[in-house]
Amino acid sequence: MRITQILSSLLIISLSSISNVSSDQIFPAHLVGTFSRNNREPKYTIEYLPEDAPFHPGDNLESMVMLDKQGRRFLCFLPKEEESATGWTSTQQNVSTVLMETDKQLKLKTPDELLQPLNDQCLLRQEGWWSYEFCHLGSVRQLHVEDGNKIVQEFSLGKYDAEATAAFNQNVSHASTMKERYHSHIFTNGTTCDLTGTPREVEVRFVCAETRAMVTSITELSTCKYALTVQCPTLCKHPLFQLEKPVSHTIHCNLIPQEEDATRNEEERVVGESPKVADS
C-alpha cells in the first residue's frame, strides 16, 4: 500500500478525534498523535499549525486537503516515500563487507563479559508485600522486610546454575530473531514449592537499557517458576541487544485561510475534486 493511502487513513482518524476540541486547543502548534503498526515500522506524527506560523514545505512534497467536522480545512504535506536502493554491487565489495563484519564480531565481548560490572552486586526490587533480591552469579531471594531491614519471611527462588544456563542458552533462538532481546541466566534449587513439591527456579533475563542497572520486573511463568528481568547499560555495547529506534516522520498540516479557502474551493469544483472529510 502506498504511503499516501496509509497516511490518508491516519489523517482521517486524527482529524475525527479532534472534532470536539475547542479552537484554542487546536490552533497552537501541538502534536496530536503518533501512528505505527509496530515498533519497527516508521512512526507518523501529525502536527497542526496555526495560520500565523505555517509549515514551509520543500520541493515536490505531496499534499492533500482535509476537513474536520466543523468545516475547518487543513492542507497537509506528506513525507516523501523512501525509495529502495537499486543498482549492482560487485562480488569483491560483498566479500569485503563480510570480512569486515566477521572481524568486528570477533572483537565483540560476549554478553557474560559485558555483565561483569554486576559481579558482587545485589539489586533489590519491592513489589507490594514482597521484595526481590537478585545477586549476580549468586542467588535470587523473595523477602518480606519490616522495620527497614528485618527479614520476617524468606524464600530462595534459586542459586546460579552454570550448567543449566549453558544448556538453556544453546536451545533458545538467536538473539537477532527474538522479539525481546535478552540474555538468560538460570537459577535452580530454590526453596521447595508447597504446590509442586519441587524446588523453585527462576530465569533471569538481562536486557539493554541506557539507564542504571536495576531489576525491572518479576513474573511467575508457572507454579513456582519465575522470570526476573534485569536491565544493564553495559549490555547495550553488543549490537544484537541494542534497542531498535523506529524512523519518525511528521505530517505538517497548515490551516487554510478563509480567502485562500474560497479560491481553492472554486478550483476544486472546476477540476472535479473534493477534499477528504474527517468522518468518525
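## Contacts around A213

Contact here means heavy atoms within 4.5 Å. Keep that cut-off in mind for what follows. The model is predicted.

Start with A213. This residue lies in the loop between β10 (201–208) and β11 (214–222). Leaving out residues up to four places away in sequence, A213 touches L118, L123, Q231 and P233. Take L118 from that list. A213 and L118 are 95 residues apart along the chain, and their C-alpha atoms are separated by 8.2 Å.

## Strand β9

Is strand β9 enclosed or open? The strand covers residues 183–188, and 6 of its 6 residues are buried, so β9 is largely enclosed by the rest of the structure. Look at its two faces. On one side sit H183, H185 and F187, and these are buried. On the other side sit S184, I186 and T188, and these are buried as well. Both faces of β9 are therefore covered, given that buried means under 20% relative accessible area.

Now look at the partners of β9. Strand β8 (residues 150–160) pairs with β9 in the antiparallel sense, over 2 bridges. Within β9, F187 is the bridge partner of Y160. Strand β10 also pairs with β9 in the antiparallel sense, over 5 bridges. There, H183 has F206 of β10 as its bridge partner.

## Aromatic rings at F187

How many aromatic pairs are there? The count comes to 5. One of them joins F134 and F187. Their ring centres are 6.1 Å apart, with 70° between the planes, and the pair is edge-to-face. F134 lies in strand β6 (residues 130–135) and F187 in strand β9, so this pair ties together parts that are 53 residues apart in sequence. F134 and F187 are both buried.

Y160 and F187 form another edge-to-face pair. Here the centres are 5.8 Å apart and the planes meet at 65°. Y160 belongs to strand β8 and F187 to strand β9, 27 residues apart, and the pair links these distant parts of the chain. How accessible is each partner? Y160 has a relative accessible area of 27%, so it is partly exposed. F187 has 0%, so it counts as buried. Ring pairs also link F134, Y160, F187 and F206 into a cluster.

## Two nonpolar cores

In soluble globular proteins, nonpolar side chains tend to be buried together. In this model, the largest nonpolar core has 25 residues. Which members touch the most others? They are F134, V140, V202, V204, F206, L228 and V230. The elements giving two or more residues to this core are β6, β10, β11 and β12 (225–232).

V140 shows what such a position looks like. Neighbours within four places in sequence are set aside here. V140 is then in contact with E133, F134, F155, S156, L157, G158, F187, V202, V204 and L228. Another core lies apart from the largest one. This other core has 11 residues, among them Y44, F74, C76 and C253.

## N254 and M66

N254 is found in strand β13 (residues 248–255). Its relative accessibility is 10%, so N254 counts as buried. Which backbone atom does the side chain of N254 reach? The side chain reaches the backbone nitrogen of F55, at 2.8 Å. Neighbours within four places aside, N254 is in contact with L49, P54, F55, R73, F74, L75 and F77.

M66 sits in strand β3 (residues 63–67). At 0% relative accessibility, M66 is buried. M66 and I256 are 190 residues apart in sequence. In space, their C-alpha atoms are 9.9 Å apart.

## Loop residues with positive phi

Two loop residues deserve a look. D120 is not a glycine, but it has a positive phi of about 65°. D120 lies in the loop between α4 (111–114) and β5 (122–127). Is D120 buried or exposed? Its relative accessible area is 80%, so D120 is exposed.

N189 is not a glycine either, and its phi is positive at about 60°. N189 is found in the loop between β9 and β10. With a relative accessible area of 54%, N189 is exposed. In strand β9, by contrast, 6 of the 6 residues are buried.

Definitions and conventions. Residues are numbered from 1 along each chain as its sequence is written. Side-chain values use heavy atoms; hydrogens and water are left out. Helices (H or I, at least four residues) and strands (E, at least two) are DSSP runs, numbered from the N terminus. Buried means under 20% relative accessible area, exposed over 50%, partly exposed in between (1.4 Å probe, protein chains only). A polar contact is a pair of N or O atoms within 3.5 Å; within protein, one must be able to donate a hydrogen and the other to accept it, and residues adjacent in sequence count only if both atoms are side-chain atoms. Two strands pair if DSSP finds at least two bridges between them. Rings of Phe, Tyr and Trp (its six-membered ring) pair if their centres lie within 6.5 Å; planes under 30 degrees apart count as stacked, over 60 as edge-to-face and the rest as tilted. A nonpolar core is a set of buried Ala, Val, Leu, Ile, Met, Phe, Trp, Tyr and Cys residues joined through side-chain atoms within 4.5 Å.
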